[in-house]
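Me: Please take a close look at one helix of this chain and at what surrounds it, setting it in the context of the whole model.

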Amino acid sequence: MLIAEKIISKQFKAKTMKQAYLECCKWISTNIIAKNNSKNISYSIKKNESSGIGCVELEVYVFADEKEVFEHNCEICKEFAGAFFNKENKYRCEVCKTPPYRKRLETKLETLKNGMGDFMKGLKKL
Ligand SMILES: [Zn+2]
């Protein structure tokens with residue numbers, strides 16, 4: 001599971017939507033792919049049809065895999081429990097509440113995927 005934070009947003013305007021989109025792709029290619037090969041960087045490109053001309057909006061995100069952070073966090077919970085010879089073998093996770101939070105995020109993603117129905121089926125065929 002990835003966790004992302006928006007770092008910039010940018011608009012590309014041109015005479016047509018296609019041109020605006022191509023300019024956006026060119027910008028990504030020059031400024032992101034060529035420089036760090038999209039390492040920990042993700043983007044979203046949306047058409048903005050309200051302005052009446054070609055306009056696309058780019059949002060750039062930095063992302064991390066939360067699994068690593070989660071596992072490290074709960075290692076600390078385990079160590080903490082161990083240090084106090086907790087006979088009931090309960091981890092401090094009862095206090096950190098990370099596992100139930102993570103479970104809710106996973107459920108949320110599952111719901112989103114299920115809601116995308118045909119769109120998801122189409123993608124998987126590619
Ligand atoms: Zn924990």
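Reply: Helices (H or I, at least four residues) and strands (E, at least two) are DSSP runs, numbered from the N terminus. Read in that way along the sequence, the chain follows the pattern β-α-β-β-α-α-α-α, which comes to five helices and three strands. The radius of gyration of the chain (taken over C-alpha atoms) is 21 Å, well over the 14 Å that the globule rule (2.2 Å times the number of residues to the power 0.38) gives for 126 residues, so the chain is more spread out than a compact globule. Along its principal axes the C-alpha trace spans about 70 × 35 × 30 Å.

Two cautions belong here. The model is predicted, so local features need pLDDT of at least 70 and side-chain atom pairs count only at pLDDT 80 or more, while totals for chains, interfaces and linings use all residues. Residues are numbered from 1 along each chain as its sequence is written.

The chain is divided into domain 1 (2-65) and domain 2 (66-125), with bounds that come from an automatic or database domain assignment, and 30 Å separate the centres of the two domains, taken over C-alpha atoms.

The helix to look at is H4 (residues 98-115), which has 18 residues and reaches 26 Å from its first C-alpha to its last, close to the 26 Å expected at 1.5 Å a residue (that is, 1.5 Å times one less than its number of residues). A residue is called buried if 20 or more other C-beta atoms, placed from the backbone, lie within 10 Å of its own, exposed if 12 or fewer, and partly exposed in between. Of the 18 residues of H4, the number buried is zero, so H4 lies largely in the open. For the chain as a whole, 5% of the 126 residues count as buried.

Both flanks of H4 hold a residue with a positive phi. Ahead of the helix, in the loop between helix H3 (93-96) and H4, Lys97 has a positive phi of about 55° although it is not a glycine; with 9 C-beta neighbours inside 10 Å, Lys97 counts as exposed. Just after H4, Gly117 takes a positive phi of about 25°.

Elsewhere, Ser38 also has a positive phi, of about 60°, although it is not a glycine. Ser38 lies in the loop between helix H1 (17-36) and strand S2 (41-47), and with 11 C-beta neighbours inside 10 Å it counts as exposed.
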